Each structure stands twice: as structure tokens, then as C-alpha cells.
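Thanks for squeezing me in, everyone. I'll put the structure up now and then walk through a few places in it.

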Amino acid sequence: MTLFDVYPINNIAIERAEGSYVWDDEGNIYLDMYGGHAVISIGHTHPHYVARLQHQLHKIGFYSNSIEIPIQKELAKKLGEISGKEDYQLFMCNSGAEANENALKLASFYNGRKKVVSFTKAFHGRTSLAVAVTDNPNIVAPINETDNVKFLPFNDEVALANYFEHYGNDISSVIVEGIQGVGGIREASKSFLQLIRTLCTKYNAVYIADSVQCGYGRTGQFFAHDYAGIQADIYSMAKGMGNGFPVGGILIAPHIQPKHFMLGTTFGGNHLACAAALAVLEVMEQENLLMNAKHMGDYIQEGLKKFTQIKELRGRGLMIGIEMPEEWAHVKKDLLYKYKIFTGEAKPNTIRLLPALNISKKEADLFLDSFATILNA
Ligand SMILES: Cc1ncc(COP(=O)(O)O)c(C=O)c1O
């Protein structure tokens, strides 16, 4: 049997990992400024994470949602405290796409409507509804196409206000990333998010804050949407939530009430997933990682500001986009193959930095020095 070849891959096989470093099968060491695609939040193989998962696995790994799972309640309590959303409700699933799928569906159950507003360059995942609200026709199959989605220009308050004025009573939800990730690390302006809040409240539409990539402490606040000083109706989460264990979820505001069988999943919220998610939150708290994300993010951004070759520097905390001009398009490859540093990318020429939230100054300097050597060569 062969693998279904959908990923353009680098010819590197990672065998083990620790903190912000990974080792390949030839013993080469790499600095991970990519966090395995924004997933590694507390560092690879963090000892507390490994111990908590091992301990849980020895007790019970899985049982269905038809029984009491006290560790789900423990997770909801801790997540409420750390995120500051103590009065929200938690529904758990397994991935970011699934989180958004459930958020969009729940919004439609809530207000009985079908129309969704999404934005240019948005990425929300690859399942049916999640991909329908994603602004990339190449990954939307004919079966996913729907007239229910309206794409408006990102950060365009006039277009948003106009659309609501005409169709406000048909809009079920607005889905928006606090900082677009796949779209190139583009931040929603505070006033744009505040307007979404105002219009959703006025028209009883649901504000869905896709926090799959920009959430979970990456920017220095628990959710990037928090910078706008607003409360969304639903926050979707995944990636950093389990530090690599597949776990996702939505935080749901108190006015959206549950009904039995409205949502459901076999695997979501299993014992092992909850243990992984709790381990992440415990480490985030013990090691003050939100603060570290902010400080190290500022430090890296400061370090990058002196490179005049950079076309545009974007982002917040440890979600950083370095847009390079065409003649410097090779920098990402050089970082990987010459300096053994993993980074992410957004087409055409943006390098995405999404390292673990406990990255140290030494590791940041290693990245900055290598970046400087490439640009000064
Ligand atoms: C903002 C955003 N939403 C949703 C998703 C989908 O998450 P997943 O790949 O876990 O389904 C992603 C993945 O990159 C993302 O960046």
C-alpha cells in the first residue's frame, strides 16, 4: 500500500524531540520555530505532559460520552479560569475543522438561520462547512459549494456594515480569525472585531472567534480576539490545546443553550485527550507561558525590525509573519537546509514563526543570528 500523496514534504524524518528542538534519523538537530504547525505549545515531550499522559493511560484512555467523565469537568474548570471565560460552556471534539464545523452548526441551531459571513484569505479547515467558509476555491470540492456563505473583504468595516444592513436578519454567524494564519499572519483590527460584535448583537447573529491558530496563549493573551476587548459567542480551539494530542473544542457563551443530541462525537473529550489538555494548561500556568509568549514575541519582532530587506513584519506574540520580497524567497529553504531551522510559510513569500510558547532567548537568538547570516551573505 502507498500513502495518498497529498502533502508536498521535505525529505526529513524526525525521530525524537525535546523542548524547541527535534532530531532526524541521521542525528541532525533542528530548531523548531514552526511548533509542528502551531501545535507544540509547551515544548516537545515536556516531562509533565509525558508523565500525565502515561499516568492517565495506565488508568483509562477512553470511554464513550455516555458516562460521567470527571476529567472533562476538571478541564472545563481550568480552561475557564485561565481563559477568563468561566461562565462559558465547553464542547470537545478532535480538530480545528471539527471545532468550526460544530460552531457553525450550533449557531444555525441557535438562531434558525443559514447565512454565514466569512472573509477574504480566511482559513477555517477542510470539513464540509469549515471549507465552505474558507477562501480558497482549490480546496472546496463541488459538494462543499453553497450559496449560504458570503465572503467580505477582511478588515473592511464599511462592507460589513452594508451587508448587515441589507441581510442582517438572515445572517446566522460571522466567523473570523483574530489573526489570519494561513492567510499570511494578518491581524483583524480592533475596531473591525468590535463592529462584528456590535452587529452580531444587534441582529442576533453569532460571533464565532476562530482561535484554532491564534488562540491558546500564542499571542500573549489567551485569545487574540481578547485584544479587541470583546466577548465572542463561540471560540473554536485546537492546535496548541493538546501539544500534539489531537484535541479541539468550542467555548460557548451562556445564552446559547444545549439540547441533548444537538452535537455529539465518539472520540471528543476522551480521558486521554482531557489529560493532554490539562497537562498543557498546568504547564502554561506553572511556567507563565502567556507572559513568555508576549515577551519572546516582542523580542523576536524587535530583532527582526532592523532587517531592511523584510517587506513587511506582521503578527503578535509568537505568531509572526515575515513577508520577504521575491528576491529573498529562498530564505525559508536556507533556514531549513543550511541552518536546520523549521519555519512555516504562507504563500507567496511569508515566513511564519509559530514556535512553542516556552521558547527561550537563546533559541530566539539562534534564529535571529541565522536569519542575519542569510540576509548579510
Ligand atoms: C485558523 C484555523 N482554523 C481551523 C484550522 C483547521 O484545523 P485542523 O487542521 O485541526 O482541522 C486551522 C488549521 O490550520 C487554522 O489555522
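Before the helix pairs, one bit of vocabulary: when I talk about an axis, I mean a line fitted to C-alpha atoms, for a helix over the stretch in contact, and the angle between two axes runs from 0 to 180 degrees between N-to-C directions. And a reminder that what's on the screen is a predicted model.

Okay, helix packing. In general, two packed helices are described by the angle between their axes and the distance between the axes. Let's start with helix H2, residues 47–59, and helix H8, residues 271–286: their axes come within 9 Å and cross at roughly 155°. With angles over 145 degrees counted as roughly antiparallel, H2 is therefore roughly antiparallel to H8. The crossing of H2 with H8 is right-handed.

Who's actually meeting whom there? On the H2 side we have His48, Tyr49, Arg52, Leu53, Gln56 and Leu57, and on the H8 side a list including Leu272, Ala275, Ala276, Ala279 and Val283. Sorted by class, that H2–H8 contact has 10 nonpolar, three polar and two charged residues.

Now stay on H8 and bring in H3. These two pack at about 30°, and their axes are 9 Å apart. So H3 is roughly parallel to H8. The H3–H8 crossing is left-handed. From H3 the residues involved are Ile71, Gln72, Glu74, Leu75, Lys78, Leu79 and Ile82, and among their partners in H8 are His271, Cys274, Leu278, Leu281 and Glu285. The class split for the H3–H8 contact is 10 nonpolar, two polar and three charged.

While we're on H3, which covers residues 70–83, let me pick out glutamine 72, which lies in it. Buried or exposed, this glutamine 72? It's buried, because 21 other C-beta atoms sit within 10 Å, and the cut-off for buried is 20 or more. If you ignore neighbours within four places in sequence, glutamine 72 contacts Met92, Gly269 and Cys274. For a sense of scale, go 112 residues along the chain from glutamine 72 to glycine 184, and the C-alpha atoms are separated by 34 Å.

Next, glycine 242. You'll find this one in the loop between strand S11 (234–237) and strand S12 (248–252). It's in a loop, but glycine 242 is buried, with 27 other C-beta atoms within 10 Å. And what does glycine 242 touch, once residues up to four places away in sequence are set aside? Val247, Ala273, Ala276, Ala277 and Val280. Between glycine 242 and phenylalanine 164 there are 37 Å, C-alpha to C-alpha, and 78 residues in sequence.

Over to helix H11, residues 361–376, where leucine 375 is found. Leucine 375 is partly exposed, with 15 other C-beta atoms within 10 Å. Leaving out neighbours within four places in sequence, its contacts are Phe307 and Gln309. If you compare leucine 375 with isoleucine 69, they're 306 residues apart in sequence and 53 Å apart in space, C-alpha to C-alpha.

Right, the ligand. How many residues surround it? There are 14, and the closest are Gly96, Ala97, Gly125, Val212 and Gln213. Helix H4, residues 96–111, gives the largest share of that shell, with three residues. Broken down by class, the shell has five nonpolar, seven polar and two charged residues.

Last stop is backbone geometry. Most residues other than glycine have a negative phi, and most peptide bonds are trans. Here are some that go the other way. Lysine 121 isn't a glycine, yet its phi is positive, about 70°. Lysine 121 sits in the loop between strand S5 (115–119) and helix H5 (128–132), and it counts as partly exposed, with 19 C-beta neighbours inside 10 Å. Asparagine 204 also has a positive phi, near 55°. Its loop runs between helix H7 (190–203) and strand S10 (206–210), and asparagine 204 is partly exposed too, with 14 other C-beta atoms within 10 Å.

And where's the cis peptide bond that I wanted to show you? It goes from lysine 347 to proline 348, with omega near 0°. Proline 348 is in the loop between strand S16 (344–346) and strand S17 (350–353).

That's my tour, thanks.

Methods:
Residues are numbered from 1 along each chain as its sequence is written. This is a predicted model: local features need pLDDT of at least 70, side-chain atom pairs count only at pLDDT 80 or more; totals for chains, interfaces and linings use all residues. A residue is near a molecule or strand if its C-beta atom, placed from the backbone, lies within 6 Å of it. Helices (H or I, at least four residues) and strands (E, at least two) are DSSP runs, numbered from the N terminus. Ala, Val, Leu, Ile, Met, Phe, Trp, Tyr, Cys and Pro count as nonpolar, Asp, Glu, Lys and Arg as charged, and the others, Gly among them, as polar. A residue is buried if 20 or more other C-beta atoms lie within 10 Å of its own, exposed if 12 or fewer, and partly exposed in between; C-beta atoms are placed from the backbone. Angles under 35 degrees count as roughly parallel, over 145 as roughly antiparallel, 65 to 115 as roughly perpendicular and the rest as oblique. A crossing is left-handed if the near helix is turned anticlockwise from the far one by less than a right angle, and right-handed if clockwise. Two residues are in contact if their C-beta atoms, placed from the backbone, lie within 7 Å.
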